[in-house]
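Thanks for sharing this one with me. Here is my note, set out as numbered points so that you can follow along in your viewer.

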Amino acid sequence: MLRGSCHCGAVKFEFRENPEWLTECNCSACRRYGTVWAHGSPRNVSIEKAPDATFTYIWGDKMIAFHTCKTCGNTTHWSDLDEDYDRMAVNTRLVPIEDVKGIPIRHFDGADTGQFLD
């Protein structure tokens with residue numbers, strides 16, 4: 001299980017899967033956010049926050065919404081806008097480093113090919 005929170009603690013999450021790898025994406029949003037994602041099923045993720053604690057940013061093909069804390073500005077997770085799609089991701093840069101340090105990071109080419117680069 002991975003637990004994390006934004007800098008101010010207004011948004012907390014639990015990721016109840018053991019990811020085989022983490023993903024660093026080079027798309028224009030992820031590159032700017034500086035995120036490293038753990039992807040999983042929304043059924044295995046808990047997000048604890050007040051209803052108005054985050055704002056969402058939806059861009060491009062309008063498939064996912066990035067959630068960012070309104071107070072400290074950390075991007076905490078993304079959710080899929082299609083409820084039938086069983087994926088979401090949490091930002092593992094917000095998890096204590098000792099909890100993720102042994103998990104390999106794969107590089108995803110979200111800017112061009114839509115494929116992993118390794």
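The points below go through strands, cores, aromatic rings and a few single residues.

1. A word on the source before anything else: this is a predicted model. Please read every distance, angle and accessibility below as a value computed from that predicted model.

2. Let me begin with strand E2, residues 12-15. Which of its side chains are buried? Phe13 and Phe15 are, and they point to one face of E2. Lys12 and Glu14 point to the other face and are not buried, so the side chains alternate along the strand.

3. E2 has a partner in strand E1, residues 2-5: the two run antiparallel and are joined by four bridges. Within this pairing, Leu2 stands opposite Phe15. The hairpin of E1 and E2 has six residues between the strands, and Gly9 there takes a positive phi near 85°. If you like to check backbone angles, Gly9 is a residue to look up.

4. E2 also pairs with E5, again in the antiparallel sense and over four bridges. Here Glu14 stands opposite Ser46. Strand E5 covers residues 45-48, and the loop from E5 to strand E6 (54-58) contains Ala50. Ala50 counts as partly exposed because its relative accessibility is 37%. Along the chain, Ala50 and Val11 are 39 residues apart, yet their C-alpha atoms are separated by 7.9 Å.

5. Next, the nonpolar cores. The largest has 13 residues, and the members that touch the most others are Leu2, Phe15, Leu22, Ala38, Val90 and Val100. Two elements, strand E2 and strand E9 (88-91), give two or more residues to this core. What does Ala38 touch beyond four places in sequence? Its contacts are Leu2, Phe15, Pro19, Leu22, Met88, Ala89, Val90 and Thr92. There is also a second, separate core of eight residues, with Cys25, Cys27, Trp78 and Ala89 among them. Ala89 thus appears both in that second core and in the list of residues touched by Ala38.

6. The aromatic rings deserve a look, as the structure holds four aromatic pairs. One of them is Trp21 with Phe116, an edge-to-face pair at 5.8 Å centre to centre and with 85° between the planes. This pair links distant parts of the chain, 95 residues apart: Trp21 sits in the loop between E2 and strand E3 (22-25), and Phe116 in the segment after strand E10 (105-108). Phe116 also pairs with Phe108: the ring centres are 5.2 Å apart and the planes are at 70°, so this pair is edge-to-face too. Trp21, Phe108 and Phe116 together form one aromatic cluster.

7. Are the rings of this cluster buried or partly exposed? Trp21 is partly exposed at 30% relative accessibility. Phe116 is partly exposed, with a relative accessible area of 29%, and Phe108 counts as partly exposed at 24%.

8. A charge joins this picture. The charged end of Arg106 sits over the ring of Trp21, 4.4 Å from its centre. That charged end also sits over the ring of Phe116, at 3.8 Å from the ring centre.

9. Now to Thr35, in the loop between helix H1 (28-33) and strand E4 (37-40). Why does Thr35 count as buried? Its relative accessibility is 1%, and the cut-off for buried is under 20%. The side chains of Thr35 and Trp37 are joined by a polar contact of 3.1 Å. Leaving aside residues up to four places away in sequence, Thr35 touches Thr23, Glu24, Cys30, Asn91 and Arg93.

10. My last residue is Val95, found in the loop between E9 and helix H2 (97-100). Val95 is buried, as its relative accessible area is 7%. Not counting residues up to four places away in sequence, Val95 touches Leu2, Arg3, Gly4, Phe13 and Val100. How far is Val95 from Cys6 in sequence and in space? The two are 89 residues apart in sequence and 9.0 Å apart from C-alpha to C-alpha.

Note on methods: Residues numbered from 1 in each chain as written. Predicted model: local features only at pLDDT ≥ 70, side-chain atom pairs only at ≥ 80, totals over all residues. Heavy atoms only, no water. Buried < 20%, exposed > 50% of the residue type's maximum accessible area, 1.4 Å probe, protein only. Polar contact = N/O pair within 3.5 Å; in protein donor to acceptor, adjacent residues only side chain to side chain. Contact = heavy atoms within 4.5 Å. Core = buried A, V, L, I, M, F, W, Y, C linked by side-chain atoms within 4.5 Å. Phe/Tyr/Trp six-rings, centres within 6.5 Å; stacked < 30°, edge-to-face > 60°. Lys NZ or Arg CZ within 6 Å of the ring centre and 35° of its normal. Pairing = 2+ DSSP bridges.
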